[in-house]
Amino acid sequence: MHKVNVSVPAVSTNIGPGLDVLGLALNLRNVVEMSLTNDDRLRVEVRGEGTGILPENVHNPVMAAAIRLFQALEQAPPGLNVVCANAIPLDAGLGARTALIVGGLVGANNLLGGPFQREELIQLAAELSEEPAAVVTAMRGGLGVCAEGPDGLLYRSVEITPLRVVVALPLLPDYQPRLRDALPRQVPLRDAVHNTGHATLLIEALRSGDFRLLRHTVIDRLHEPYRRHFIPGYDAVVAAAAEAGAVAVTLCGAGPALMAFATFNHQSIESAMHGAFRSVGVEARTWSLSVDQQGVVISVVE
């Protein structure tokens with residue numbers, strides 16, 4: 001029996017002004033264990049985050065992605081056994097479902113001897129997830145930059161200075177349905193220009209480790225102003241993080257998790273953000289995470 005483990009990092013997309021084009025990989029991982037079996041059964045087990053929520057059948061994102069890869073090769077899927085050991089919380093803005101899709105595609109591709117190159121897997125995962133920035137970043141690590149081109153995705157990974165961030169996730173059960181509905185369909189030209197300039201300078205700030213520049217370039221006008229109102233205590237949490245030493249705070253993806261950039265005092269920033277949420281009656285989970293530079297990690301178990 002051939003078995004493979006695929007470890008995929010969490011991703012915070014947008015990072016302020018980089019709506020749908022920037023992603024930052026974080027060292028919080030989902031691990032997909034996939035093996036071929038001698039029968040034709042498709043088995044899925046979910047452990048950790050998403051237990052009791054993610055389906056344990058062909059509709060699980062890992063299994064659905066693996067089946068899609070077999071279909072792309074015009075093959076019937078063999079017996080597969082999948083175990084998802086998840087550390088990335090669902091529906092938080094950290095790319096949990098995208099990580100599962102990537103894990104399913106990469107795992108199935110490896111079991112078949114690697115018929116698809118990484119670039120082809122990125123394209124396929126982007127189509128399945130509809131989150132190209134998250135896919136590019138999860139696959140390659142570091143800071144991902146992507147855009148739609150005439151023949152598919154255009155993307156690069158930018159090596160950035162070593163960095164640790166604090167992530168605070170408020171527990172808001174009703175937040176998820178509001179994500180895209182909260183955004184306007186048209187925006188003023190000045191706001192689009194603002195975001196273009198700030199996103200470009202943000203890339204340079206992260207690449208060079210210029211935290212003074214970073215402080216001013218995470219400001220967004222296209223999505224955060226419309227989403228922050230659905231997060232109780234947003235302004236208080238941002239202020240508490242800054243007082244504890246954070247350089248800047250931004251939403252993770254569409255939220256509701258928030259990410260604070262800092263050069264020191266990470267534990268104090270965690271406590272401050274947690275306390276600020278609790279002061280408005282919202283429980284929260286927090287992590288202090290380094291930026292992941294590896295992307296997908298594959299290991300053959302046996």
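The protein contains nine helices and 11 strands. I should state at once that this is a predicted model, and that every value I quote is computed from it.

Let me begin with the overall dimensions. Along the principal axes, the C-alpha trace spans about 60 × 45 × 35 Å. How does the radius of gyration stand against the expectation for a compact globule? For 302 residues, such a globule would have a radius near 19 Å, and the protein has 19 Å, which agrees.

Two further figures describe the packing. Of the 302 residues, 53% count as buried. When we take contacts between residues at least 6 apart in sequence, 73% of them join residues at least 24 apart.

Turning to the surface, the protein exposes about 13,400 Å². Carbon and sulfur atoms supply 50% of that area.

I now come to the charges. The protein carries 23 positive and 30 negative charges, and the mean positions of these two sets are 4 Å apart. Side chains of opposite charge can pair when their charged atoms come close. How many salt bridges does a search of the whole structure find? The search finds 10, and I shall discuss three, including one between two strands.

That pair is E33 with K3, a salt bridge in which the closest N and O atoms are 4.0 Å apart. E33 lies in strand β2, residues 18-37, whereas K3 lies in strand β1, residues 3-14, so the salt bridge ties together parts that are 30 residues apart in sequence. Are these two partners buried or exposed? E33 is partly exposed, with a relative accessible area of 24%. K3, at 16% relative accessibility, counts as buried, because the cut-off for that class is under 20%.

The second pair joins the side chains of R97 and D91, with an N to O distance of 3.2 Å. Both partners are partly exposed: R97 has a relative accessible area of 36%, and D91 has 35%.

The third salt bridge is formed by the side chains of R207 and E204, at 2.8 Å from N to O. Where do these residues lie? Both belong to helix α5, residues 189-208, and they are three residues apart, about one turn of the helix. R207 counts as partly exposed at 42% relative accessibility, and E204 does likewise at 32%.

I close with the backbone. Most residues other than glycine have a negative phi, and most peptide bonds are trans. Several places in this model depart from that pattern, and they may interest those of you who examine dihedral angles.

Which residues does a cis peptide bond join? The bond lies between G255 and P256, with omega at about 5°. P256 is located in the loop between β8, residues 248-251, and β9, residues 258-262.

Next is I15, which is not a glycine but has a positive phi of about 50°. I15 sits in the loop between β1 and β2, the strands that also hold K3 and E33 respectively. The relative accessibility of I15 is 0%, so this residue counts as buried.

Finally, D20 is another residue other than glycine with a positive phi, in this case near 65°. D20 lies in strand β2. With a relative accessible area of 34%, D20 is partly exposed, whereas I15 is buried.

Terms used:
Residues numbered from 1 in each chain as written. Predicted model: local features only at pLDDT ≥ 70, side-chain atom pairs only at ≥ 80, totals over all residues. Heavy atoms only, no water. Helix = DSSP H or I, 4+ residues; strand = E, 2+ residues; numbered from the N terminus. Rg over C-alpha atoms; globule rule 2.2 N^0.38 Å. Buried < 20%, exposed > 50% of the residue type's maximum accessible area, 1.4 Å probe, protein only. Contact = heavy atoms within 4.5 Å. Areas by Shrake-Rupley, 256 points an atom, 1.4 Å probe, with all protein chains shown as cover. Lys, Arg positive; Asp, Glu negative; His and termini not counted. Charge placed at Lys NZ, Arg CZ, Asp CG, Glu CD.
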